[in-house]
Amino acid sequence: MSGKRQFTLVDKFVVTAAVPLVFVFLLLVLIVILRHQVELDARQNDRSKHLIAKTSAVIEECNDVGVAFIIYDAQTKPFFEERFVNSVAKLRASYHSLAHIAKDYPRYEPIVKATRQDAEEALDILARRKAIIDAGGRLEITEALNLQDQLKHIEKELDTIIADERAAQQELRETQRSGQWLGIAIVLAFFAVTIGIALVFAFRRSTANRLNVLMENSMRLGAEQPLAQRLDGTDEIAQIDRVFHEAAYKLEETTRLRQQFVAMISHDMRTPLAAVKSTLELLGAGTWGELSERAQAKVGRAEENLKHTINLINNLIDLEKMQSGKIEISPEVISLCDLLWRCSSLVNQLAESRSITIESPECDVPLYADEEKLTQLVINLLGNAVKFSPDHSKIKIDVATERSMVKVSITDQGPGIPEAERRKVFERYHQIAGEKAKDGSGLGLAICKAIVKAHDGEIGVDSEVGKGSTFWFKLPAD
């Protein structure tokens, strides 16, 4: 590594931000100078805008009062009466605000006072007319026209205030002397923005592609795919990329060791164990002589333990194939209910030994699936239900069609599954706490999930502690 200093992302960001900040500081100095020159003009301009706004509000409220009264005269309903009353209140409030502001404008104060008095007289007339209307009368057309003329006169007088103030604002804009300084500030601002944009594009060009590579590597790492070539440099992005490559290497090494372990189990353990199982079966059958009752019991327990071990090895191998994408399914059109009936028959012997009844539905539902894998799935779920069901209980299988999916539910009357456990039941090696947890390998439900996933389906469980569980899966309908 050379002695030349490598820039980090922080260094690049500081350079990108520092240059525009210098120009921003110069602009702030100019703004302070300009502020001193335009402060008085700005205050005057704000006062003028405020006066215009308040005057316009009074004019608008005058119009609203007239419209509201005419509507109320046409339809004497509570809603329109309330609108008229609110309009009158708003007009008086607006006039009060305008009178307060006009105290600072001696030339406008007489106009405001006169129009306010005219408005009050008009409101008094409207109040008397409203009483007549409420008593069943109607507004005369001549009265309406007179009131309209009176309101227009008020608006015309107030318009003179707005016109005078707008003329004063125009004169103020024409006499301002800060235009030259403002032009310089605008030029500098444009220059600063140009430099800032150029630096941002340079920063983006130097980092965007590297960030894209980093994001791509993060997705590839999650999907266990080969990563892109390592990034050069010593900045933070390059360091994170090195971490990704190291993690990918360790993940690849772990996967390789796991596959070697499963292959060793498959070739070096399953075959000898199968031979031992055959020997025990022959020994228990009396092929080499009759055994005592005690010896027969010992051989039987050894057979059960060996069978459990072989099933565990087979489940481990199946799960490894499924999760490594090597599972092969051969879908065909099958009768789902016939398959459920056959699976129930296979599990029924175990269920009858504990007086457990399995109810299988009668239906005619075709399904496009791998019959062997689906049989393994259902037997696993049924065996799990029998295992956790109490004696003399019932297990029910239901089939339903939901949109384009076929849903199979297996409900038991067992102890139920706590909510915290439900999210983990389909994970490999996870076992639900309880007396019967030690009887399983923790792989059955994980295999079920892999089979359903291979069929583009869904699997889940609904349960309530003390009331049993319902394991279900959905597969695409034929």
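The following legends describe close-up views of a predicted model.

**Figure 1. Overall composition of the protein chain, comprising eleven helices and seven strands.** The predicted chain has 478 residues, of which 34% are buried. Among contacts in the protein chain with a separation of 6 or more, 72% are accounted for by residues 24 or more positions apart. The subsequent views show selected helices, cysteines and individual residues.

**Figure 2. The contact of helix H2 (residues 78-102) with helix H3 (residues 109-134).** Two packed helices are described by the angle between their axes and the distance between the axes. In this pair, the axes come within 10 Å and cross at roughly 165°. Angles over 145 degrees count as roughly antiparallel, and H2 and H3 are therefore roughly antiparallel to each other. The crossing of the two helices is left-handed. On the H2 side, the contact is made by Glu-81, Phe-84, Val-88, Leu-91, Arg-92, Tyr-95, His-96, Leu-98, Ala-99 and Ala-102. H3 contributes Glu-109, Val-112, Thr-115, Arg-116, Ala-119, Glu-120, Leu-123, Asp-124, Leu-126, Lys-130 and Asp-134. By residue class, the contact of H2 with H3 divides into eleven nonpolar, eight charged and two polar residues.

**Figure 3. Surroundings of Ser-87 in helix H2.** Ser-87 has a relative accessible area of 7% and is therefore buried, the limit for this class being under 20%. Apart from its neighbours within four places in sequence, Ser-87 is in contact with Glu-61, Asp-64, Val-65 and Ala-68.

**Figure 4. Asn-63 in helix H1 (residues 9-74) and its separation from Lys-152.** Asn-63 is partly exposed, with a relative accessible area of 36%. Although Asn-63 and Lys-152 are 89 residues apart along the chain, their C-alpha atoms are separated by 8.7 Å. Cys-62 is buried, at a relative accessible area of 1%.

**Figure 5. Ile-111 in helix H3 and its contacts.** With neighbours within four places in sequence left aside, Ile-111 is in contact with Glu-157, Thr-160 and Ile-161. Of these partners, Thr-160 is 49 residues apart from Ile-111 in sequence, and the C-alpha to C-alpha distance is 9.1 Å.

**Figure 6. The disulfide between Cys-337 and Cys-363.** A disulfide is a covalent bond between the sulfur atoms of two cysteines. The count for the model comes to one disulfide, with an S to S distance of 1.5 Å between Cys-337 and Cys-363. Cys-337 lies in helix H8 (residues 336-352), and Cys-363 lies in the loop between strand E2 (357-359) and strand E3 (366-369), so the pair ties together parts that are 26 residues apart in sequence. The two cysteines are assigned as follows: Cys-337 counts as buried at 5% relative accessibility, whereas Cys-363 counts as partly exposed at 33%. Another cysteine, Cys-343, has a relative accessible area of 1% and is buried.

**Figure 7. Buried residues of helix H11 (residues 444-454) and the position of Asp-456.** The buried residues of H11 are Leu-445, Ala-446, Ile-447, Cys-448, Ala-450, Ile-451 and Val-452. Just after H11, Asp-456 takes a positive phi of about 60°.

Definitions and conventions. Residues numbered from 1 in each chain as written. Predicted model: local features only at pLDDT ≥ 70, side-chain atom pairs only at ≥ 80, totals over all residues. Heavy atoms only, no water. Axes fitted to C-alpha atoms, helices over the stretch in contact; angles between N-to-C directions. Helix = DSSP H or I, 4+ residues; strand = E, 2+ residues; numbered from the N terminus. Parallel < 35°, antiparallel > 145°, perpendicular 65-115°, else oblique. Left-handed = near helix turned anticlockwise from the far one by under 90°. Contact = heavy atoms within 4.5 Å. Nonpolar A, V, L, I, M, F, W, Y, C, P; charged D, E, K, R; others polar. Disulfide = S-S within 2.5 Å. Buried < 20%, exposed > 50% of the residue type's maximum accessible area, 1.4 Å probe, protein only.
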